[in-house]
Protein chains: 2
Amino acid sequence: MAISLQPHAGMRTVPGRKLAGRLDGLYVAEADHFVTRAADRLDLTFDGIAGDHHSGPTRRSSSREPWYPRNTVIRNERQLSIVSPEEMTQVAMAMELPELKPEWIGANLSIAGVPALSMLPAGSLLFFEGGVTVKVDAQNAPCRIAGRSIAEHAGVADKDAVSLLFPKVAKRQRGLVAWVEKPGRLTKGEGVSLKIPEQWIYDV
Amino acid sequence: MAISLQPHAGMRTVPGRKLAGRLDGLYVAEADHFVTRAADRLDLTFDGIAGDHHSGPTRRSSSREPWYPRNTVIRNERQLSIVSPEEMTQVAMAMELPELKPEWIGANLSIAGVPALSMLPAGSLLFFEGGVTVKVDAQNAPCRIAGRSIAEHAGVADKDAVSLLFPKVAKRQRGLVAWVEKPGRLTKGEGVSLKIPEQWIYDV
């Protein structure tokens with residue numbers, strides 16, 4: 001994990017461990033549904049992706065937060081879904097599918113080149129070359145609804161089996177959820193450097 | 001750390017490791033300065049403590065974020081400063097002071113009974129008995145400005161020495177910064193239960 005980089009344009013010094021990757025894909029959910037479509041650039045505000053299904057200052061709790069009554073209004077820290085193409089390939093292989101597209105599971109950003117992206121801890125900062133910063137809230141949990149979407153898009157025969165398979169094989173590989181620390185425009189292909197919280201840095 | 005508790009009123013099931021404490025003190029910074037004054041109750045919105053110096057949806061970056069030009073507008077994840085009376089006692093002893101009041105260093109919440117409170121990782125949730133939830137953003141770093149405030153309030157002779165001592169001895173004991181996930185009223189003395197992110201749970 002000890003990849004050291006030059007700070008990119010617009011950044012100054014970044015103390016602590018450095019990792020880096022590339023913004024391989026951008027996706028937006030314009031309809032009232034989590035499935036996304038590819039875009040070349042996206043404008044981010046403090047609420048998330050402008051016009052996206054998951055943008056907003058607050059959100060309503062779901063089965064992911066069993067400690068609240070359903071539909072409790074809480075701060076929206078799940079603005080962006082981030083996946084890794086390397087992890088998507090691993091999951092597709094484990095599901096015996098030729099591919100798993102980020103759009104099928106509602107990803108907004110696909111970031112290539114970061115080992116074990118899904119394991120980046122809460123509080124990790126992602127600095128995009130164009131000036132946007134997002135902060136990791138948590139590892140995302142694979143669910144049956146996303147599994148169902150994969151089954152439908154991949155056109156498999158046994159949709160129930162594939163729906164159930166996803167939560168099993170994609171654990172710790174389904175990416176992250178994050179929120180916008182510094183708004184701006186994301187452009188496909190731009191570089192991203194990462195900073196993980198100091199508590200997670202054990203070797204120097 | 002394996003303290004197991006009954007969920008408190010207003011909570012439902014909380015999976016994962018449980019820790020708990022008590023809201024020992026509440027403090028607000030009403031003036032244009034970080035020093036706080038004690039209060040019996042405080043109303044929290046999604047922006048932090050209503051009327052507090054550090055409340056707001058965004059904030060301006062400082063020397064804490066050397067990767068941004070100073071005064072860059074970023075999301076305000078540092079709404080609340082949380083300290084532990086046990087850690088404050090440790091720091092006071094190390095500084096050879098009879099006491100260190102949370103007000104002197106601009107704390108908003110003092111939470112007793114949580115071992116190594118400052119080491120709670122980013123993403124930890126604090127569920128207050130009255131219904132408020134706050135989420136840990138990061139460990140707070142002790143600085144010379146807070147050190148200077150301690151020196152002045154404690155009335156020591158060598159203010160420079162005490163100002164410099166604080167950042168040295170309070171590292172990893174200066175508490176946390178956090179933001180409001182679920183607004184409401186905090187009342188002095190209420191219970192708080194905690195949930196740390198699943199990635200940090202190694203033993204069961």
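1. The buried residues of helix α1 in chain B pack against β7 (80-83) and α3 (159-169) of the same chain. Helices (H or I, at least four residues) and strands (E, at least two) are DSSP runs, numbered from the N terminus. The buried residues of α1(B), which spans residues 85-94, are Glu87(B), Met88(B) and Val91(B). They cover an arc of only 100° around the axis, and therefore lie on the same side of α1(B); the arc is that of the directions from the helix axis to the C-beta atoms. A residue counts as buried if 20 or more other C-beta atoms lie within 10 Å of its own, as exposed if 12 or fewer do, and as partly exposed in between, with C-beta atoms placed from the backbone. After α1(B) comes Glu96(B), which has a positive phi, near 60°.

2. On provenance: this is a predicted model, in which local features need pLDDT of at least 70 and side-chain atom pairs count only at pLDDT 80 or more, while totals for chains, interfaces and linings use all residues. Residues are numbered from 1 along each chain as its sequence is written, and chains are lettered from A and ligands numbered from 1 in the order in which they are written.

3. Chain A has 3 helices and 13 strands. Of its 204 residues, 45% are buried. Contacts (C-beta atoms, placed from the backbone, within 7 Å) between residues of chain A at least 6 apart in sequence join residues at least 24 apart in 70% of cases.

4. In chain B, an open sheet of 3 strands runs in the order β4-β3-β12, with antiparallel pairing. Its edge strands are β4 and β12 of chain B, each of which pairs on one side only. Two strands pair if DSSP finds at least two bridges between them. β3 (residues 41-45) and β12 (residues 184-187) of chain B have 4 bridges, and β3(B) and β4(B) (residues 48-49) have 2 bridges. β3(B) and β4(B) form a hairpin with 2 residues between them.

5. The faces of β3(B) differ in cover: Leu42(B) and Leu44(B) make up the covered face, whereas Arg41(B), Asp43(B) and Thr45(B) make up the uncovered one. In a regular strand the side chains alternate between the two faces of the sheet. From the covered face, Leu42(B) has Leu186(B) in β12(B) as its bridge partner, and Leu44(B) stands opposite Ile49(B) in β4(B). Arg41(B) is opposite Thr187(B) in β12(B).

6. At the interface, 24 residues of chain B are in contact with 25 residues of chain A. Elements that each supply at least two residues of the chain B side are β6 (73-75), β10 (133-139) and β11 (176-182). That side divides into 13 nonpolar, 6 polar and 5 charged residues, where Ala, Val, Leu, Ile, Met, Phe, Trp, Tyr, Cys and Pro count as nonpolar, Asp, Glu, Lys and Arg as charged, and the others, Gly among them, as polar.

7. How are the two copies related? A turn of 180° and a shift of 0.0 Å along the axis lay chain B on chain A with an RMSD of 0.0 Å, so the copies are related as by a two-fold rotation axis. The superposition is by least squares on the C-alpha atoms of residues with pLDDT of at least 70 in both copies. Ala122(B) comes closest to the rotation axis of the residues of chain B, at 2.8 Å (C-alpha). The copies meet through the same surface, because 100% of the interface residues of chain B are also interface residues in chain A.

How values were computed: Contact = placed C-beta atoms within 7 Å.
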